[in-house]
Amino acid sequence: MSRAAAIGKLHDELVAFANQPEQRLLVIETEDALRVPVLEQIETLDLLTKDQAVVSMFESPWMAGDACWDARHEEFDDEWESLSKAFVREKLPALAPLPDAGAGDIGSFAKRIEFAAAKLSAHFPALFIVFAPIAIEDAPRLAQEVAAMVAHKSLASCRWVVATVGPSGLEPVVVAAGKAAALVRVLNDDQADAAGMKAAVAAMATAPIGAPSIQFAGGVGPRVAPPPRPNAAAKPAEGSAAAATLAPADVSPAMADAVAMQDVRIAVMEAALAAGDKNFAKAIESQRRARTTTLRLGMVSETATLDLMLGSYALMAGQPKMGLEVFVDVEQRAQAAGLGPLAVQAAMARGGALSLLDRRLDAAAAYTEGGRAGVKFGAMALALESFGMGGQILADLNDVRRALAVWNEGLATAEQAKPEDVAGSSILETAGKAIELLRKHGATAEATHWIQRRSALSAAIEAASAKETA
């Protein structure tokens, strides 16, 4: 089953589960490569059910000798705080604080879930509790504790989802529950995906010029162009009409060159397939063919994007020096062309290549330069990410003073930007790392100052978000 088919199957299972209240438990076993899209699908449960619903997800692990219920309580505290703020924004009655975590065990967690379900029920009758542990070392305990939660009489109104990478150990629980539970395995068949892509590339390669767009994308169609119709209008000069249409839309007129664009698409897909087969020499060769075509046509932005992929293939091939040369060239060309986001991405890629070459101070400098380029070109989210990574390398090298200086540059950038431009960035996490580092080195007063700055920025971001949704 292909990746798309696997996720489609999961969506169908979630729709069925959401609208069958008698089904209390859904277990999803997947693989690491699909974990993120699986969790993204689970998060949409509140959109799939007929009733208003809340989805609460907990990712703490079940470790050997420690089921990490204390960490799950902390996750719940954060979740409840976010819900409380959402209630305020929507002008709903304020939510009462959660009961104290007590011993921080499964028993007190169950009591807090019961409390939450009761408080939410007036506006959100359905409460989905999702356990998506990032690691499982004690599968029997996971199965035992999940079964106990599902069977808890005071939690009868709750619905449960467990999503694991690999076997969950819950199949006996699902079988014993009969129609009240279900298990679905969401797995990707890489060979099927690769075969599908290879078939698409073959179809693209045989598509005649003038074929329908579906055929250029690998769909089925004739291998030769249809004969001209007797009374057909005269065709304009090759590419002229298409180029005229594309130009006002700020799209390169070269995109109208059907022959060249078909060659580029085929080369890019061939490169991706080769990389998937770990034939990196072939991937590099095909990617170079694609970027040579776009460079010849004067497609500056497209060439830079293809070169970033080329450099990545070089890193995958264990050739960081080649990757570094590519990224340096891309960065210079992107800067000269005013392509801000691409310039920052190239600087960050340069930092990654330098790290692989064990030139970590140079890598930190590359990330810092990427942050400054992002500020220059207005690519704020990328800039903040780049500052964060540069500071992290310095912190790992125990260069505390320079790490804090780089992180401070990132925080100062965020403080001076519009809150909506930095929402969703990593800057608050970066500030947290700086605070932790300061505390570690006994700089309490400076840590307090950073805490105040982080809190002020967080409040500004939340206010901007509330204004957008109002």
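In the predicted model, R72 lies over the face of W69, 4.4 Å from the ring centre. W69 has a relative accessibility of 5% and therefore counts as buried, the cut-off being under 20%. W69 also forms an aromatic pair with F109, and F109 is buried as well, with a relative accessible area of 0%.

The chain contains 14 aromatic pairs. In the pair of W69 and F109, the ring centres are 5.0 Å apart and the planes meet at 55°, a tilted arrangement. The pair links distant parts of the chain. W69 belongs to helix α4 (residues 69-89), F109 to helix α5 (residues 106-120), and 40 residues separate them. Both rings are members of a cluster linked by ring pairs. Its other members are F58, W62, F76, W80, F115, F131 and W160.

A second charge over a ring involves R453. Its charged end sits over the ring of W450, 5.3 Å from the centre. R453 is placed in helix α21 (residues 444-469). At 14% relative accessibility, R453 falls under the 20% cut-off and so counts as buried. Leaving aside residues up to four places away in sequence, R453 touches N408, L411, A412 and E415.

Across the protein chain, the secondary structure comprises 21 helices and five strands. Of the 470 residues, 42% are buried. Among contacts with a separation of 6 or more, 65% join residues 24 or more positions apart. The exposed surface of the protein chain is about 23,800 Å², and carbon and sulfur atoms supply 56% of it.

Note on methods. Residues numbered from 1 in each chain as written. Predicted model: local features only at pLDDT ≥ 70, side-chain atom pairs only at ≥ 80, totals over all residues. Heavy atoms only, no water. Helix = DSSP H or I, 4+ residues; strand = E, 2+ residues; numbered from the N terminus. Buried < 20%, exposed > 50% of the residue type's maximum accessible area, 1.4 Å probe, protein only. Contact = heavy atoms within 4.5 Å. Areas by Shrake-Rupley, 256 points an atom, 1.4 Å probe, with all protein chains shown as cover. Phe/Tyr/Trp six-rings, centres within 6.5 Å; stacked < 30°, edge-to-face > 60°. Lys NZ or Arg CZ within 6 Å of the ring centre and 35° of its normal.
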